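Colleague: I would like to learn how to read a model of this kind feature by feature. Could we go from a single residue out to the sheets and the pocket?

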Amino acid sequence: MSHGPRSGLLAVSTALLAMSRHLEVRDVLKTIVASARELLDAQYAALGVPDDHGGFAQFVVDGVSDAQWKAIGPLPRQHGILAAMLHEARPERLADVRKDPRFEGWPAAHPDMSDFLGLPIRDGDEVIGALFLANKTCPEPEGGCGFTEDDEELLGILAQHAAIALTNARLYERSRELTIAEERSRLAHELHDAVSQKLFSLRLTAQAAAALVDRDPGRAKGELQQVAALAAEAADELRAAVVELRPAALDEDGLVATLRTQIQVLDRAHSARVTFDSRGVRALPAAQEEAMLRVAQEALHNALRHSGAARVDVTVEKRGPGAVLRVTDDGGGFEPKATRRAGRHLGLVSMRDRSNGVGGELTVESAPGKGTTIEMEVPGG
């Protein structure tokens with residue numbers, strides 16, 4: 001560090017505070033990477049969270065543009081220097097990574113890197129990630145410039161706090177998921193009990209009306225009126241349950257923030273790249289936001305589970321007083337004319353019903369091998 005111990009300490013403190021400020025895992029990863037790159041004056045920084053199959057469940061970079069990252073291609077595998085850090089759980093500080101015997105090259109679009117510093121992120125005995133930097137940005141004296149022992153020590157401190165921040169974020173997300181699951185389970189039991197009782201009464205009353213229709217039409221009419229009343233009560237119970245099941249985040253945060261959060265989770269959970277973008281959308285009537293969220297969830301489920309897509313893009317944008325939701329994937333696609341079979345399998349009937357129910361319009365564009373785009377437009381309010 002060239003700015004003296006006081007400013008160096010301030011930079012470390014700022015980095016640690018930034019890491020502890022976030023609760024979403026991906027936000028924590030991005031903050032760790034950005035903090036490490038800035039703190040150690042590196043041109044590039046990355047953080048990989050390993051999966052159990054020789055790859056990375058998550059991989060975050062800083063110093064590489066979106067266009068560069070897209071051109072580089074698929075996430076790296078655990079090999080060479082990365083594998084050494086993950087499997088042997090030791091730091092790696094190299095004057096030129098390209099000259100190391102374990103170096104196995106990189107894709108054509110990958111930026112050129114020389115000096116390299118990498119450390120495992122550990123939670124006890126478990127390696128939960130690898131943090132690495134490349135190309136120290138400092139004046140190059142004779143003999144070159146690279147990362148120092150002090151840099152390695154500083155990155156080690158950052159890695160320890162990164163482990164705490166990452167573990168806390170994971171615990172927070174698991175806790176939130178458990179809370180949601182418990183609440184849905186409670187509501188499911190309440191819904192089952194309430195509606196089952198109403199439907200049981202309705203069935204008995206309908207049977208009584210059927211038995212009386214020939215010998216006592218007057219009483220049969222009364223029983224049928226009771227059937228109508230019970231059916232209305234059952235419908236009210238269902239409506240109340242639907243209101244309770246409406247995601248709390250949608251009520252509190254609105255459609256855009258809720259979709260962004262859910263898509264961040266899907267992007268972490270699946271190998272496909274899942275992105276979200278919004279343009280000028282303001283609050284919509286609650287029923288329209290609910291319908292758009294459900295259609296987005298159904299379309300995402302289809303794209304991630306059935307289409308074989310490598311990328312799924314979701315956008316919500318303003319159109320007149322309303323908004324348009326668009327879910328596009330680059331998967332296998334299907335023949336939209338085969339509506340009976342494909343429609344039922346992919347939930348298109350349900351999506352159209354949800355869209356029509358709020359005065360919206362649903363369109364589907366797809367072809368075998370050409371991916372799928374599902375668009376839903378609502379009128380606003």
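**From one residue to the fold**

Modeller: Leucine 133 has its place in strand β5, and since this is a predicted model, everything that follows is a reading of computed coordinates.

Colleague: Is leucine 133 buried or exposed?

Modeller: The general idea is to compare the relative accessible area with a cut-off, and buried means under 20%. Leucine 133 has a relative accessibility of 1%, so the residue counts as buried.

Colleague: Which residues is leucine 133 in contact with, once its neighbours within four places in sequence are left aside?

Modeller: The contacts of leucine 133 include Ala36, Arg37, Leu40, Ala42, Tyr44 and Ala45, and also Asp115, Phe116, Leu117, Phe147 and Leu155. A separation along the chain can be set beside one in space: glutamine 43 is 90 residues from leucine 133 in sequence, while their C-alpha atoms are separated by 7.7 Å. For the protein as a whole, 61% of the contacts with a separation of 6 or more are made by residues 24 or more positions apart.

Colleague: How would the reading go for arginine 122 and for aspartate 151?

Modeller: Arginine 122 belongs to strand β4 and is partly exposed, because its relative accessible area of 39% falls between the cut-offs of 20% and 50%. Not counting residues up to four places away in sequence, arginine 122 touches Ala89, Val127 and Ala163; with alanine 89, the C-alpha to C-alpha distance is 8.1 Å across 33 residues of sequence. Aspartate 151, by contrast, sits in helix α5, residues 149–212, and counts as buried at 3% relative accessibility. With the same exclusion of residues up to four places away, aspartate 151 touches Leu40, Leu117, Lys136 and Gly146.

Colleague: In what order do the five strands of the open sheet run?

Modeller: The order is β2-β1-β5-β4-β3, with antiparallel pairing. β2 and β3 stand at the edges with a single partner strand each, so one side of each is left without a neighbour in the sheet. On average, and with direction ignored, neighbouring strands of this sheet are turned by 15° against each other.

Colleague: How should I read the individual pairings within that sheet?

Modeller: The general idea is to go from the number of bridges to particular residue pairs. β1 and β2 run antiparallel and are joined by six bridges, with glycine 48 opposite phenylalanine 59 in β2. Their hairpin has five residues between the strands, and there glycine 54 takes a positive phi near 85°. At the other edge, β3 pairs with strand β4, residues 116–123, over three bridges in the antiparallel sense, and the bridge partner of leucine 94 in β4 is phenylalanine 116.

Colleague: Which helix lies across β1, β2, β3, β4 and β5?

Modeller: Helix α4, residues 80–88, lies across these strands and runs at about 140° to β5. Across the protein, the secondary structure comes to ten helices and ten strands, and 41% of the 381 residues are buried.

Colleague: What can be said of the strands further along the chain?

Modeller: Strand β8, residues 322–329, is mostly covered, with seven of its eight residues buried. β8 pairs with strand β7, residues 311–319, over eight antiparallel bridges, and valine 312 stands opposite aspartate 329 in β8. The hairpin of β7 and β8 has two residues between the strands, with glycine 320 taking a positive phi near 60°. β8 is also joined by seven bridges to strand β10, residues 372–378, and these two run antiparallel; leucine 325 has methionine 376 in β10 as its bridge partner.

Colleague: How many residues line the largest pocket, and which of them lie nearest its centre?

Modeller: The lining of the largest pocket has 37 residues, and those nearest its centre are Arg26, Trp69, Asp267, Arg273 and Val274. The elements giving two or more residues to this lining are α2, β2, α3, α7 and β6, and the largest share, seven residues, comes from β2. The volume of the largest pocket is about 1,300 Å³. By class, its lining has 18 nonpolar, seven polar and twelve charged residues.

Colleague: So β2 enters the reading twice, as a strand at an edge of the open sheet and as the element with the largest share of the pocket lining.

Note on methods. Residues are numbered from 1 along each chain as its sequence is written. This is a predicted model: local features need pLDDT of at least 70, side-chain atom pairs count only at pLDDT 80 or more; totals for chains, interfaces and linings use all residues. Side-chain values use heavy atoms; hydrogens and water are left out. On a 1 Å grid over the protein atoms alone, a cavity is a set of points where a 1.4 Å probe fits but cannot get out, and a pocket is an open set with protein on both sides within 12 Å along at least five of seven lines; lining residues have an atom within 4 Å of a point. Grid points are joined across faces, edges and corners, and a volume is the space filled by probe spheres set on the points. Helices (H or I, at least four residues) and strands (E, at least two) are DSSP runs, numbered from the N terminus. Ala, Val, Leu, Ile, Met, Phe, Trp, Tyr, Cys and Pro count as nonpolar, Asp, Glu, Lys and Arg as charged, and the others, Gly among them, as polar. Two strands pair if DSSP finds at least two bridges between them. Axes are lines fitted to C-alpha atoms, for helices over the stretch in contact, and angles run from 0 to 180 degrees between N-to-C directions. Contact means heavy atoms within 4.5 Å. Buried means under 20% relative accessible area, exposed over 50%, partly exposed in between (1.4 Å probe, protein chains only).
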